[in-house]
Amino acid sequence: MADCLFCKIVQKKLPARIIYEDEHSLAFEDINPQAPLHVLVVPKKHIPTTLEITIEDNALVGHLFQVANRLAKERNIAERGFRLVMNTNPESGQTVYHIHLHVLGGRTMHWPPG
Ligand code: AMP
Ligand code: ZN
């Protein structure tokens, strides 16, 4: 999608600190990290919010979790624990309308979230 920030990162039209890439997904460091590890895992396919995920995307969305798990293991936070977040629409705090899985770790997380 032409005016989508994360599509531009996927297409390498905007810079990002990319830490993982495969045919269907990309992972890069969040520009405003909220934890020692804060990575975003995005599908290369443009999906605006979780509400637009269809049955055809089931494997793709599962794949995002596989990538997140792999990164958590590589960064040695898997056993300690980490948080996976996907915000949907304004009251959740979603600001970029291309779905992305936040991978947050390296510190104790609080609950309930703010
Ligand atoms: P959300 O608020 O759930 O939509 O998350 C959007 C995330 O994207 C925020 O954590 C931002 O800090 C992050 N972000 C915005 N622009 C960029 C960028 N150019 N590169 C990396 N992360 C970004
Ligand atoms: Zn997009």
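Two strands count as paired when DSSP finds at least two bridges between them. Keep that cut-off in mind for the opening stop of this tour, which goes through a predicted model.

**Stop 1: the middle of the sheet**

Select strand 3, residues 37–43, together with strand 5, residues 101–105. Five bridges link strand 3 and strand 5, and the pairing is antiparallel. To see one facing pair, pick Leu 40 and look across to His 102 in strand 5.

Now turn to the other neighbour of strand 3. Strand 2 covers residues 25–29, and five bridges join strand 2 to strand 3, again in antiparallel fashion. Glu 29 is a handy marker here, since Val 39 of strand 3 stands opposite.

While strand 3 is still selected, show its side chains. Which residues point which way? Leu 37, Val 39, Val 41 and Pro 43 point to one side, while His 38, Leu 40 and Val 42 point to the other, and all of them are buried. That makes strand 3 mostly covered, with seven of its seven residues buried.

**Stop 2: out to the edges**

Add the remaining strands to your selection. You should now have an open sheet of five strands in the order 1-2-3-5-4, with antiparallel pairing. Which strands stand at the edges? Look for strand 1 (18–21) and strand 4 (82–85): each has a single partner strand, so one side of each is left without a neighbour in the sheet. Rotate the view and you can follow the twist, which averages 20 degrees from one strand to the next.

Zoom in on strand 1 next. Its pairing with strand 2 is antiparallel and uses three bridges. Within this pair, Glu 21 faces Leu 26 of strand 2.

**Stop 3: the helix across the sheet**

Select helix 2, residues 58–74. This helix lies across strands 1, 2, 3, 4 and 5, and runs at about 155 degrees to strand 3.

**Stop 4: the zinc site**

Now select ligand 2, the zinc ion, and show the residues around it. Which atoms coordinate the zinc ion? The donors are SG of Cys 4, SG of Cys 7, ND1 of His 46 and ND1 of His 98, at 2.0 to 2.3 Å. The angles that these four donor atoms subtend run from 106 to 115 degrees, which makes the arrangement tetrahedral. For comparison, the ideal angle for four tetrahedral donors is 109.5 degrees.

If you like to read sites from the sequence, the donor spacing is C-x2-C-x38-H-x51-H. Cys 7 belongs to helix 1 (residues 5–10) and His 98 to the loop between strand 4 and strand 5, so this pair ties together parts that are 91 residues apart in sequence.

Are Cys 7 and His 98 buried or exposed? Both are buried. Cys 7 has 3% relative accessibility, and Cys 4, at 5%, also counts as buried. With cysteines on the screen, you may wonder about disulfides: a search of the whole structure finds zero.

**Stop 5: Gly 105**

Go back to strand 5 and pick Gly 105. Its relative accessibility is 0%, so Gly 105 counts as buried. What is Gly 105 in contact with, beyond its neighbours within four places in sequence? Highlight Ala 35, Pro 36, Leu 37, Ile 77 and Phe 82 to see these contacts. For a sense of distance, draw a line from Gly 105 to Pro 15: the two are 90 residues apart in sequence, and their C-alpha atoms are 23 Å apart.

**Stop 6: backbone details**

Most residues other than glycine have a negative phi, and most peptide bonds are trans. The last three selections are worth viewing with that in mind.

- Lys 12 sits in the loop between helix 1 and strand 1. Its phi is positive, near 65 degrees, and at 48% relative accessibility Lys 12 counts as partly exposed.
- Asn 76 sits in the loop between helix 2 and strand 4. Phi is positive here too, near 60 degrees, and Asn 76 is exposed, with a relative accessible area of 62%.
- Pro 112 is in the segment after strand 5. The peptide bond leading to Pro 112 from Trp 111 is cis, with omega near 5 degrees.

Terms used
Residues are numbered from 1 along each chain as its sequence is written. Chains are lettered from A and ligands numbered from 1 in the order in which they are written. This is a predicted model: local features need pLDDT of at least 70, side-chain atom pairs count only at pLDDT 80 or more; totals for chains, interfaces and linings use all residues. Side-chain values use heavy atoms; hydrogens and water are left out. Helices (H or I, at least four residues) and strands (E, at least two) are DSSP runs, numbered from the N terminus. Axes are lines fitted to C-alpha atoms, for helices over the stretch in contact, and angles run from 0 to 180 degrees between N-to-C directions. Contact means heavy atoms within 4.5 Å. Donors are N, O and S atoms within 2.8 Å of the metal (3.2 Å for Na, K and Ca); water is not among the atoms, so sites may look incomplete. Four donors count as tetrahedral if all angles lie between 85 and 135 degrees; four count as square planar and six as octahedral if opposite donors are over 155 degrees apart and all others between 65 and 115; anything else is irregular. Buried means under 20% relative accessible area, exposed over 50%, partly exposed in between (1.4 Å probe, protein chains only). A disulfide is a pair of cysteine sulfur atoms within 2.5 Å.
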